[in-house]
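Me: Please walk me through this one, and tell me what backs up each label as we go.

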Amino acid sequence: MSTYTRLRLAIDGPVARITLARPDVRNAFDELLIAELTQALGEVARSFEAGPERAPRALVLTGEGTTFCAGADMNWMRRSVGFSREENEADAARFASMLRALDELPIPTVARVNGACLGGGMGLISCCDIVAAAEGADFGFTEVRLGIAPAVISAFVLPKIGASGARRYFLTGEIFKAEEAKAIGLVHEVVSPEGLDQAVGRIVEAIFGNGPRAVAAAKRLIREGLALRRDDAIANAVRTIASLRASPEGQEGLGAFLEKRRPAWKR
């Protein structure tokens with residue numbers, strides 16, 4: 001397993017955990033954290049490609065300390081002031097590639113939001129399938145306060161919250177609480193800080209009861225269904241279900257249901 005300096009990756013049986021580990025700067029992004037996140041996500045994805053039955057069944061993403069992710073590291077932003085347009089585009093493209101790797105990871109991803117989630121951190125939770133947040137956590141698209149826009153993350157945020165939420169919070173840069181984040185679709189569960197691990201554990205446990213290839217296909221259906229034209233989305237859905245029904249996992253799951261037994265892949 002790779003060694004990381006700005007995050008911790010732990011694969012403990014059926015669960016992979018990535019912890020952003022820069023608490024001194026509130027787990028803010030810089031170019032090295034982005035590179036390490038890209039590498040860590042690639043490591044998890046390759047384990048799935050090697051065999052879903054042996055790969056982690058879920059990824060939990062969180063931050064060390066009392067903050068989830070405060071967005072961009074100011075030192076990183078300061079360095080970008082001296083970048084050419086081409087250098088800025090390359091820098092942004094690396095960030096976008098990391099977000100896409102998280103968004104397209106073939107296993108379910110659960111964000112454990114233990115504290116403030118701002119700027120680029122909002123991109124992270126928008127790319128996660130399920131988000132559990134502690135009461136009192138702050139959220140915000142704060143880029144406009146710096147004279148920039150939440151541009152790169154918008155490709156991932158807009159499918160999550162739609163135009164209405166974006167029109168307010170992209171433009172105002174307001175800080176809002178976990179309950180409002182839930183109301184606009186960013187967060188699924190809001191719990192006490194003490195109950196956060198229990199909530200994440202319950203979500204992960206639910207995932208363990210499902211076929212890993214079926215879950216990967218369901219994730220892909222959501223992503224592709226949002227991008228395809230209606231006729232193409234229906235045709236894609238038909239091909240997907242036919243493939244899953246004929247697969248060993250689908251045959252095992254259907255057989256177990258009919259025989260009232262536990263499927264072999266259920267943890």
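**Labels and the numbers behind them**

Reply: Let's kick off with a count: there are 15 salt bridges in the structure. Keep in mind that this is a predicted model, where local features need pLDDT of at least 70 and side-chain atom pairs count only at pLDDT 80 or more, while totals for chains, interfaces and linings use all residues. Residues are numbered from 1 along each chain as its sequence is written, and side-chain values use heavy atoms, leaving out hydrogens and water.

Me: How do you know that Arg-94 and Asp-91 meet in a salt bridge?

Reply: Their N to O distance is 3.5 Å. The label asks for a side-chain nitrogen of Lys or Arg within 4 Å of a carboxyl oxygen of Asp or Glu, so the pair qualifies. Both residues sit in helix 3 (residues 85-103), three residues apart, or about one turn of the helix. Helices here are DSSP runs of H or I with at least four residues, strands are E runs of at least two, and numbering starts at the N terminus.

Me: Why is Asp-91 called buried?

Reply: Its relative accessible area is 9%. Buried means under 20%, exposed means over 50%, and partly exposed is in between (1.4 Å probe, protein chains only), so 9% lands in the buried class. Its partner Arg-94 has 46%, so Arg-94 is partly exposed.

Me: What makes Asp-138 and Lys-177 a salt bridge?

Reply: The closest N and O atoms of Asp-138 and Lys-177 are 2.6 Å apart, so they pass the distance test. Asp-138 belongs to strand 8 (residues 138-140) and Lys-177 to strand 9 (residues 176-177), so the pair ties together parts that are 39 residues apart in sequence. Asp-138, at 25%, is partly exposed, and so is Lys-177, at 44%.

Me: Which class does Arg-229 fall in, buried or exposed?

Reply: Arg-229 has 54% relative accessibility, so it counts as exposed. It pairs with Asp-232 in a salt bridge, with the closest N and O atoms 3.3 Å apart. Asp-232 is partly exposed at 32%.

Me: Which residues are linked in a network of salt bridges?

Reply: That would be Arg-6, Arg-22, Asp-30 and Asp-73.

Me: Why are helix 3 and helix 5 called roughly parallel?

Reply: They pack at about 20°, with their axes 9 Å apart. Angles under 35 degrees count as roughly parallel, over 145 as roughly antiparallel, 65 to 115 as roughly perpendicular and the rest as oblique, so this pair is roughly parallel. The contact (heavy atoms within 4.5 Å) is made by Ala-92, Phe-95, Ala-96, Leu-99, Arg-100 and Asp-103 of helix 3 and Val-152, Ile-153 and Phe-156 of helix 5.

Me: What makes helix 4 and helix 5 oblique?

Reply: Helix 4 (residues 120-127) and helix 5 (residues 151-172) pack at about 50°, with their axes 9 Å apart. That angle fits none of the named ranges, so the pair goes with the rest, as oblique. On the helix 4 side, the contact uses Gly-120, Met-122, Gly-123, Ile-125, Ser-126 and Cys-127. Helix 5 brings Ile-153, Phe-156, Val-157 and Lys-160.

Me: Why is Ala-214 called partly exposed?

Reply: Ala-214 has a relative accessible area of 32%, so it is partly exposed. This residue lies in helix 8 (residues 212-227) and touches Leu-244 and Glu-249, leaving aside residues up to four places away in sequence.

Terms used. Axes fitted to C-alpha atoms, helices over the stretch in contact; angles between N-to-C directions.
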